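Biologist: Could you take one part of this model and go through it closely, following its contacts outward into the rest of the chain? I would like a connected account rather than a list.

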Amino acid sequence: MTSKYLIAITSALMSAQAIHAANLSPEDYCDPAVVAPASIRDMRPLSDGVSYAAISTDKSAIEIFSYKSGKKTGELFSLSSVKGDVKIESFDGYSISSNEKKILLWNNVKKIYRHSFTAEYYVYDVMRSTLKRVSDKGAQRGAVLSHDGRMVAYTRDNNIFISNLDYGTDNQITDDGKINSIVYGTPDWGYEEEFGVTNTMRWSPDDNRLVFVRFDESKVPTYSFDNYRSYCDENPEEDLYPAQYRYKYPLAGYPNSIVSLHSYDLNNRVTKKMDLPLKETDYIPSVEFASDRVMAMVLNRDQNELTLYDVNPASTVAKAILTERSEAWLSPDAYQMVSYENDYFVIGSERSGYRHLYKYSYTGDPLGALTKGDFNITAFYGIDSRQTAYVQCTSLGAVCRNVAKVERNGKFTLLHDQTGFESASFSTDFSYYVRTYSNATTPPQYTLWNTKGSKISDLELNGQYAAKYASAPKKELLKVKNDEGEEMNAYIIKPADFDPSKKYPLLTYQYNGPDSQQVLDKWSMEGVYYLASQGYIIACVDGRGTGNRSRQWAYSVYKHLGRYETQDQLAGARYFASLPYIDSARTGCFGWSYGGYMTLMELTAENSPFKVGISMAPVTDWRLYDSIYTERFMLTPQQNEAGYNEASALARTKNLKSKLLIMSGTSDDNVHFYNTLKYTSKLNSEGTLFDMMAYTGFEHSLPMCNARTMLFRKISQFLSQNL
């Protein structure tokens, strides 16, 4: 950023400060639709390396743009140009076939879990401008277009179908799929939530085979709750009898889905089970084609041993080519950072103590480390024709993200050596990229560059947005030491009219789950800034266990969640309470999800300094949370009973002396409302008073209506009354 530009934007912010100082409402801080800065349209790189596709501003077309000029050069699809009998009025998303001759479109989306949905799918022929339905027999899920665009694999009612668009056939290739029992092609709840898997169907490069995972969840216990209708819904008074929501959700220590890998041959219509040496307790977190071979990862239930197999889909034979083991857990952030090239593959590993990339031949022979150093690789963008790799990393510190290139000779160069948070979206040949950059005080800026180092254009600088929030409280980054003398990354948010001669109440905000991060040199605008605008000092620290530092730092919490995190949060609170402008008699803590759990642990710790605490959607005992996440860090309750007992917030309720506000959504399919009900029931039985708020029909992150605004208004009221 040039000094001239800095002066200009600073001047604009200062001139706008007086205008906007009194105009920001709770919604301006809390409503996700309001606080989101301007962004650019989703840019899909096209195979020519110089063009990208993007949905038009009126969402009626998919347009083609030039990277070099930024100008529109054509259209791939338009609602108004469709020929033939099949037409649609809108679309919610799209994907393009590898040969770019067909486009898969979908609309009428109905959500299943956090990422999954059913929809009506269509395929558009770019040359003919015609549209075909994938199926007219009911909504589909997880549709995947073949490379040549002639076929679509999808699921309905947990079975897989293949629609051949040329012949107009719609063939069912599995027949024993059953809701809450057998799942084909798309994942169960746990895989979607904890491995980030949304689809397991993969077409072979020649489109003659479809490989997929089968999930047998018949032994997984069924979880159910009454799904009360919210007044955010249409016709909210229709449910005189509330519907019951039932799905398979494995708690820690309970049976998971039994998985297997299968291949369907389209030529002879034969399905074969692959000969992977799987135990009933193993996971398959990743399946991909690499040429004509299938690369399948098998992870043990303890999640500390991963084996990568080369599977022949014709013979079904599986050959182990790489095994990775850890003294604690293997992080999906590492092993899911994988790319299968023509003659080798690249995969992430934390074996050095930091997350880096390693090259291997397909025989399993190591070809050396692609990256190295006392920092982490946080994204792998790919490798160009000159064998230069492009990555995102923490080389300027754990709170930063920077994009770098690694040349064939190992030379490591940052594309921009600017602290803050940077990411990139590259063209297919890595000649161009869109740079997204922000820092703690600068909203996201989108610029277009070439990889020779020249900026082509500014796409969106968020000048008006920056002016709007010029008078809002600002985040300041710092470091704080824990009781062991170790430095923790931290931030503090002060009221915009902060006066160091005054005394302010303190509210600490935390998450502190394993491998997570709250403290980042990145723009954010959320409810805690609203609380700061109401006269509170907000402080946050990332204690032991948090991500993108050394593995030693993360692994310290293994098998005893809540122990060191609580100690570090209390150390951070004591430091901030010692500052001359903090009233140490008026301190509180607030957290959501894992942070809600941390709130309960901190309030019930020995010598807790907090007068009040707010716990949103907390896990109250790890026996009440899902198996994949919990066991990654704790093993099973059968293996680690003492650890679960120590980590239980439910076991510490008698130590609660502070004022508590506990909240949850009644339709939370992730951290169930039952966690909150268990905790409050125990408080009732012990004669302890508390405040409680339930969000009827709302899920874990309260994404609907004005829920987040009301949440922070409630917190503000609670703090005003008690702090």
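Modeller: I begin with a pair of residues in a parallel part of this predicted model: Phe-590 stands opposite Ile-614 in strand E41. That pair belongs to the pairing of E40 with strand E41 (residues 612-616), which runs in the parallel sense over 5 bridges. Strand E40 (residues 582-592) also pairs with strand E38 (residues 504-510), again in the parallel sense, over 6 bridges, and here Leu-506 has Thr-587 in E40 as its bridge partner.

From these strands one can turn to the nonpolar cores. The largest has 44 residues, of which Trp-329, Tyr-597, Trp-622, Leu-660 and Tyr-679 touch the most other members. Two or more residues come from each of several elements, namely E16, helix H8 (551-555), helix H9 (563-577), helix H10 (594-603), helix H11 (627-634), helix H12 (641-647), strand E42 (659-665) and helix H13 (673-685), and the largest share, 6 residues, is that of H10. Another core, of 42 residues, lies apart from it and has among its members Ala-472, Tyr-509, Trp-592 and Leu-711. As a general background, nonpolar side chains in soluble globular proteins tend to be buried together.

Within the largest core, Trp-622 deserves a closer look: setting aside neighbours within four places in sequence, Trp-622 is in contact with Ala-252, Leu-561, Tyr-594, Tyr-597, Tyr-629, Thr-630, Tyr-644 and Ala-647.

Leu-711, named above as a member of the other core, leads on to helix H14, where Leu-711 is buried together with Ala-707, Thr-709, Phe-712, Lys-714, Ile-715, Ser-716, Phe-718, Leu-719 and Asn-722. The length of this helix can be checked: at 1.5 Å a residue, the 16 residues of H14 (residues 707-722) should span 22 Å, and the end C-alpha atoms are 22 Å apart, which agrees.

The loop between strand E43 (691-695) and H14 holds Cys-705, and Cys-705 forms a disulfide with Cys-232, the two sulfur atoms being 1.8 Å apart. This pair links distant parts of the chain, 473 residues apart, since Cys-232 sits in the loop between strand E16 (222-227) and strand E17 (243-248). Both partners are partly exposed, for the relative accessible area of Cys-232 is 32% and the relative accessibility of Cys-705 is 43%.

The count comes to 1 disulfide, and two other cysteines show why they form no such bond. The sulfur of Cys-30 has its closest cysteine sulfur in Cys-705, but at 15 Å this is too far for a bond; Cys-30 counts as buried, with 5% relative accessibility. For Cys-400 the closest cysteine sulfur belongs to Cys-393, and because the separation is 9.8 Å this too is too far for a bond, while Cys-400 is itself buried at a relative accessible area of 4%.

An antiparallel sheet can be set beside the parallel pairings described at the start. Its 4 strands form an open sheet in the order E24-E25-E26-E27, with antiparallel pairing; strand E24 (338-340) and strand E27 (366-369) are the edge strands, each pairing on one side only, and the twist averages 25° from one strand to the next. Strand E26 (residues 356-360) is joined to E27 by 3 bridges, and Lys-359 stands opposite Gly-368 in E27.

Definitions and conventions. Residues numbered from 1 in each chain as written. Predicted model: local features only at pLDDT ≥ 70, side-chain atom pairs only at ≥ 80, totals over all residues. Heavy atoms only, no water. Expected span 1.5 Å × (residues − 1). Buried < 20%, exposed > 50% of the residue type's maximum accessible area, 1.4 Å probe, protein only. Disulfide = S-S within 2.5 Å. Pairing = 2+ DSSP bridges. Axes fitted to C-alpha atoms, helices over the stretch in contact; angles between N-to-C directions. Core = buried A, V, L, I, M, F, W, Y, C linked by side-chain atoms within 4.5 Å. Contact = heavy atoms within 4.5 Å.
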